[in-house]
Amino acid sequence: MSVSSPFKMRLVHLDLKGAPPKVSYLAEVFPLFRALGANGLLIEYEDMFPYNGHLRLLRATHAYSPSEIREILHLATLSELEVIPLVQTFGHMEFVLKHDALAHLREVALFPNTLSPHEAESLALVRTMIGQVMELHPGTRWLHIGCDEVYYLGEGEASKQWLQQGQNNKAKLCLSHMKAVASHVLAQHPTTTPLVWDDMLRAIPEDQLSASGVPQLVEPVLWDYGADLDIHGKALLMEKYRECGFSRLWAASAFKGATGASQALTPIEHHLRNHMQWLQVAGGGPVDMLQGIIVTGWQRESCTHAVWHGLRKLSTPLLDSGGFAEDVKARVEDFLGISSLEITDFASEEAASFPGSDILALVTQVSLQLRSSVDALLERDRYVTGWFSHYHRRRRLIHPVMVQHIRPQVLSLLARWSALEQELQAALRRVFYPDAVEEWLEENVHPSLQRLQGLLQDLSEAAGPPPLLASPCPDTGQDP
């Protein structure tokens, strides 16, 4: 796609917490990202990074090996995608602080979200994590150090005591830790610029932000994933940051996630509107301040404890082309090998050409049809609701004739969805590791199949000898 974007850097965010793809899939999808206009990646490794030494406990079961990290970077280079690693250093530290050996570094003892900024060991931990990541990413121009949504900051016992002293406040506490981490990055890697999410900076008064020294150390990433962006408000925020001394800013939209903790399918229209409004922000803010945009794709809502978001990993080319007019939409559909970007059309039998399109088609069927088809049988079928209600099922009461009406329907529906489950499981295993596949199926497929299996089991038990009802055949409107 031709490049006429207001964003010099256009990064696709890979959020690897909880459902990371195999390297073989990344090899397929990186060229797609590049073809659709991306020129970089923001990789949020979390527990998929091969931490070693005393940090080895942070590794997930299927964490990438050092050689796999190098392979990912090689694949990115082949697709002309510049890689920026992201290391959480303040908030969203669940994957670190959930471990008993590190729990004493929590800001609030009960919650693993936030790192205590008061412990010397906290900064030592962050420095070690950064050092190991940077060792496998030599020469990176940027390092994202997170620092967003630092929940419960100031609520720990050490913080409460600190806040009672002199002119101390939560903003100062936040800025001091941010400054310490960024200063370390620049001291050890002078050619690497730290990035931070901007939400913890937004409400800090200009004079305090300016005097902190942070604007000379980091580049903020302004993030907003809503479909009703406050364009004027974003322009004012950018101007505030410029006045405080920040030389460069970034934007962040979303191509999936951020629309509900259990969203199975990506609401395309929502994200298109979000992207379009960020283009308007770029056109109306301070000139030459926006370094680039990060198109985020969140795997889970906030942390590894939440459920898995939708599976789609499609970049959005309007950030490359400067808009999403009908001609751009048509080119994207042609490039992906699909007739329409509408969600309901992804369940069709047509062969799309993008990596993972088989998964998307199957997931769309599950999301739009599985539960509704089971609901239709169990809650609206006249034989089930009329002659095998919850009352009858608990007492194993049914007329034998009704078994002949109900059982074939249950068996047919169960066979249909069981076959699709097997097909989806095989497709998912080509992209994801077994634990992620098991989780997605257990969350989205198994509950409906278990309802059908439960009905079948109740039918079998109710239909067994001796006959449970001796009354005449009920009037079904047809001969038995």
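# Exercises on helix crossings, strand pairing and loop residues

In this predicted model, α12 passes α17 in a left-handed crossing. The exercises below start from that pair and then move to other parts of the chain.

## Exercise 1

Classify the packing of helix α12 against helix α17 from the angle between their axes, and describe the residues that make the contact.

**Solution.** Two packed helices are described by the angle between their axes and the distance between the axes. For helix α12 (residues 357-380) and helix α17 (residues 446-463), the axes come within 9 Å and cross at roughly 25°. Because angles under 35 degrees count as roughly parallel, α12 is roughly parallel to α17. On the α12 side the contact is made by L370, R371, V374, D375, L377, L378 and E379, which meet S448, R451, L452 and L455 of α17. Sorted by class, this contact of α12 with α17 has 6 nonpolar, 1 polar and 4 charged residues.

## Exercise 2

Carry out the corresponding analysis for helices α8 and α9, including the handedness of their crossing.

**Solution.** Helix α8 (residues 231-244) packs with helix α9 (residues 268-284) at an angle of about 45°, and their axes are 9 Å apart. An angle of that value makes α8 oblique to α9, and the crossing of the two helices is right-handed. From α8 the residues in contact are I231, K234, A235 and M238, while α9 supplies Q277, W278, Q280, V281 and G284. The class count for the contact of α8 with α9 is 5 nonpolar, 3 polar and 1 charged residues.

## Exercise 3

Establish which strands pair with β8, in what sense they run, and which residues stand opposite I294.

**Solution.** Begin with the burial of the strand itself: β8 (residues 290-297) is mostly covered, with 8 of its 8 residues buried. One partner is strand β1 (residues 9-15), which pairs with β8 in the parallel sense over 4 bridges. Another partner is strand β7 (residues 249-256), whose pairing with β8 is also parallel and extends over 7 bridges. At the level of single residues, I294 in β8 has L11 opposite it, and A252 likewise stands opposite I294.

## Exercise 4

Trace the pairing from β4 through β5 to β6, naming a bridge partner at each step.

**Solution.** Strand β4 (residues 142-144) is joined to β5 by 3 bridges, and the two run parallel; here L143 has P194 of β5 as its bridge partner. Continuing from β5, 3 bridges lead to strand β6 (residues 219-223), again with a parallel run, and V196 has P220 of β6 as its bridge partner. Strand β5 (residues 193-197) is mostly covered, since 4 of its 5 residues are buried.

## Exercise 5

Compare E46 and E80 by backbone phi, position and burial.

**Solution.** Most residues other than glycine have a negative phi, and most peptide bonds are trans. Although not a glycine, E46 has a positive phi of about 50°, and E80, also not a glycine, has a positive phi of about 55°. E46 is placed in the loop between β2 and α2 (66-78), whereas E80 lies in the loop between α2 and β3 (82-86). The accessibilities then separate the two residues: E46, at 4% relative accessibility, counts as buried, and E80, at 55%, counts as exposed.

## Exercise 6

Describe the surroundings of the loop residues A38 and R430, using sequence separation together with C-alpha distance.

**Solution.** A38 lies in the loop between α1 (23-35) and β2 (40-44), and because its relative accessibility is 2%, A38 counts as buried. Its C-alpha atom is separated by 7.7 Å from that of M9, which is 29 residues apart from A38 along the chain. With neighbours within four places in sequence left aside, A38 is in contact with R10, V12, F33 and L81.

R430 is found in the loop between α15 (400-429) and α16 (434-444). The C-alpha atoms of R430 and S24 are separated by 8.5 Å, although the two residues are 406 residues apart along the chain. Not counting residues up to four places away in sequence, R430 touches K22, S24 and D358.

For the chain as a whole, residues 24 or more positions apart account for 77% of the contacts with a separation of 6 or more.

Definitions and conventions. Residues numbered from 1 in each chain as written. Predicted model: local features only at pLDDT ≥ 70, side-chain atom pairs only at ≥ 80, totals over all residues. Heavy atoms only, no water. Axes fitted to C-alpha atoms, helices over the stretch in contact; angles between N-to-C directions. Parallel < 35°, antiparallel > 145°, perpendicular 65-115°, else oblique. Left-handed = near helix turned anticlockwise from the far one by under 90°. Contact = heavy atoms within 4.5 Å. Nonpolar A, V, L, I, M, F, W, Y, C, P; charged D, E, K, R; others polar. Buried < 20%, exposed > 50% of the residue type's maximum accessible area, 1.4 Å probe, protein only. Pairing = 2+ DSSP bridges.
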